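Okay, thanks for squeezing me in. Have a look at this one with me, and I'll talk through what's on the inside.

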Amino acid sequence: MRVVIVGGGKVGYFLTKLLAERGRYHITVIEQQPELCRKVAEEFSNVTVIEGDGTSLDILSDAKVHRCDFFIAVTGKDEDNLISCQLAKKVFEVKRTIARANNPKNINVMKRLGVDNVISSTDIIAKIIEHEVEIEPLSVLATLKNGEIIVFQAVVQQNSPAANKKIAEVPFPKESIIGAIMRENETFVPSGDSIILPGDTLLVIVSEKDKREFKRLITSK
């Protein structure tokens with residue numbers, strides 16, 4: 001899993017530390033200030049550090065942004081975070097972008113301009129990445145209550161334990177809700193008698209502790 005982080009200041013540093021300690025990510029940090037670059041490079045031997053402007057196409061290209069799974073901009077300037085994420089999304093076709101909003105008033109604007117997740121907590125950023133990794137191929141839409149509740153959508157796979165059964169017949173976790181079923185051109189709110197078919201896309205709300213069990217029930221055996 002490849003992660004590019006723009007910004008090596010306090011937020012970027014602690015985010016890098018959190019992810020580096022988990023040992024499952026290839027991390028690249030982009031930072032303009034030489035002293036911050038040295039600090040990150042000296043402390044994290046397994047992290048690639050690039051000195052430069054995260055809004056520069058050349059720097060983003062050097063960081064191999066086109067290969068990353070998550071692009072995260074956490075500088076102290078909201079405009080730079082927005083521009084970096086827009087370039088990653090539009091030029092390098094990164095699927096998941098996350099930006100820090102220093103001013104809460106900018107959150108909705110940044111979302112409207114194409115940033116996938118706009119937040120201001122290092123811990124929440126890390127949890128979004130963790131959820132995305134842990135419940136693939138499910139797609140996380142949002143996290144609530146500091147990551148305790150997850151909203152995601154997922155396609156029911158052929159031969160999964162839930163396929164071709166009524167919702168009431170499947171031992172879904174108690175703290176989970178199937179809010180909608182999308183089937184071809186139809187979307188409906190299901191009841192306990194609704195039958196889940198292979199290929200259905202489910203809109204689900206589930207507690208963090210039950211996400212793996214829910215995944216097991218809708219993926220192939």
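So, which residues are buried in helix 7, residues 211–218? This is a predicted model, by the way. The buried ones in helix 7 are Lys211, Phe214, Leu217 and Ile218. Looking down the axis of helix 7, those buried residues sit within an arc of 125°, so they line one face of the helix. That goes with a general point: an α-helix has 3.6 residues a turn, so residues three or four places apart point the same way.

Okay, on to the nonpolar cores. The largest one has 22 residues, and the members touching the most other members are Ile30, Leu60, Val65, Phe71, Val94, Met110 and Val115. At least two residues each come from strand 1 (2–6), helix 3 (57–62), strand 4 (70–73) and helix 4 (78–90). Helix 4 is the top contributor, giving 4 residues.

Let's zoom in on Val65. Leaving out residues up to four places away in sequence, Val65 touches Val4, Leu60, Phe71, Ala88, Phe92 and Val94. There's also a second, separate core, with 19 residues, including Val170, Ile178, Ile196 and Leu217. And yes, that's the Leu217 we just saw buried in helix 7.

Last thing, cysteines. How many disulfides does the structure hold? The count is 0. Take Cys68: the closest cysteine sulfur is in Cys85, 9.9 Å away, and a disulfide needs the sulfurs within 2.5 Å, so that's too far for a bond. Cys68 is buried, at 8% relative accessible area, and Cys37 is buried too, at 7%.

Conventions. Residues are numbered from 1 along each chain as its sequence is written. This is a predicted model: local features need pLDDT of at least 70, side-chain atom pairs count only at pLDDT 80 or more; totals for chains, interfaces and linings use all residues. Side-chain values use heavy atoms; hydrogens and water are left out. A nonpolar core is a set of buried Ala, Val, Leu, Ile, Met, Phe, Trp, Tyr and Cys residues joined through side-chain atoms within 4.5 Å. Buried means under 20% relative accessible area, exposed over 50%, partly exposed in between (1.4 Å probe, protein chains only). Contact means heavy atoms within 4.5 Å. The arc is that of the directions from the helix axis to the C-beta atoms.
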